[in-house]
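Please open the model in your viewer and keep the selection tool at hand. The tour proceeds by selection, one stop after another.

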Amino acid sequence: MAMQRFHVGPRLSEFAIFNKTVYLAGQVPEDTSQDIVGQTNNVLAQIDRLLEEAGSDKSRILMCQIFITDMANMAGMNQAWDAWVPAGNTPPRATVQAALANPEWLVEIVVTAAQK
């Protein structure tokens with residue numbers, strides 16, 4: 001099976017598919033004026049759109065890595081996450097504090113998922 005890349009830019013592709021596995025690039029908020037809940041919801045909506053385009057959905061996430069700039073924002077990020085993730089399909093997940101490339105970003109999420 002050939003590897004496919006989608007939304008290829010000079011620095012990264014938004015996602016790649018190989019062997020029916022979808023690898024998303026780190027997704028960051030488009031609207032940085034929002035708090036952690038709003039930014040997380042924005043990122044999760046982007047993930048939904050990309051997974052749909054890739055022939056997958058959030059119930060098929062194999063692994064998730066979440067980067068937040070301040071652990072004080074963990075509760076707000078989890079509030080958005082808990083409302084979004086399907087019950088019974090919570091994937092393996094890691095959450096770490098990190099300095100992100102843009103200081104206005106409060107969260108970045110990386111997802112790997114299986115295609116349907």
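In this predicted model, begin by selecting β3 (21–24) together with β6 (107–114). These two strands are paired in the antiparallel sense, with three bridges between them. Display Y23 and T112: T112 in β6 is the bridge partner of Y23.

Keep β3 in view and add β2 (13–18). β2 and β3 run antiparallel and are joined by four bridges. The pair forms a hairpin in which two residues separate the strands. Within the turn, N19 has a positive phi of about 55 degrees. F18 stands opposite T21 of β3.

Now centre the view on T21, which lies in strand β3. Is T21 buried or exposed? Its relative accessibility is 16%, and T21 therefore counts as buried. Show the surroundings of T21, leaving out residues up to four places away in sequence: the residues touched are A16, L62, T112 and A113.

The next selection is helix α1, residues 36–53. This helix has 18 residues, and the distance from its first C-alpha to its last is 26 Å, close to the 26 Å expected at 1.5 Å a residue. At the start of α1, display D35 and V37: a side-chain oxygen of D35 comes to within 3.2 Å of the backbone nitrogen of V37. Just after the helix, G55 adopts a positive phi of about 80 degrees.

Colour α1 by accessibility. Its buried residues include I36, V37, G38, Q39 and T40 towards the beginning of the list, and also N42, V43, L44, Q46, I47, L50 and L51. Which elements cover these residues? Included in the cover are β1 (4–8), β2, β3, β4, α2 and β6.

Stay with α1 and select I47. Apart from its neighbours within four places in sequence, I47 is in contact with L24, Q27, W84, I109 and V111. I47, I109 and V111 are also the residues that touch the most other members of the largest nonpolar core, which has 26 residues. Two or more residues of this core come from each of β2, β3, α1, β4, α2 and β6. The largest contribution is that of α1, with seven residues. As a general background to this stop, nonpolar side chains in soluble globular proteins tend to be buried together.

Move on to S56, in the loop between α1 and β4. With a relative accessibility of 3%, S56 counts as buried. Display A114 as well: the side chain of S56 reaches the backbone oxygen of A114 at 2.6 Å. When residues up to four places away in sequence are not counted, S56 touches V22, L51, A113, A114, Q115 and K116.

For the last stop, select β4 (residues 61–68) and β5 (residues 93–97). In what sense do β4 and β5 pair, and over how many bridges? The pairing is parallel and extends over five bridges. Display I66, which stands opposite T95 in β5. To follow the connection, add helix α2, residues 74–84: the chain passes from β4 through α2 to β5, and this β-α-β crossover is right-handed.

Terms used: Residues are numbered from 1 along each chain as its sequence is written. This is a predicted model: local features need pLDDT of at least 70, side-chain atom pairs count only at pLDDT 80 or more; totals for chains, interfaces and linings use all residues. Side-chain values use heavy atoms; hydrogens and water are left out. Two strands pair if DSSP finds at least two bridges between them. A crossover is right-handed if, with the strands pointing away from the viewer, the path from the first strand over the helix to the second runs clockwise. The expected span of a helix is 1.5 Å times one less than its number of residues. Buried means under 20% relative accessible area, exposed over 50%, partly exposed in between (1.4 Å probe, protein chains only). Contact means heavy atoms within 4.5 Å. A polar contact is a pair of N or O atoms within 3.5 Å; within protein, one must be able to donate a hydrogen and the other to accept it, and residues adjacent in sequence count only if both atoms are side-chain atoms. A nonpolar core is a set of buried Ala, Val, Leu, Ile, Met, Phe, Trp, Tyr and Cys residues joined through side-chain atoms within 4.5 Å.
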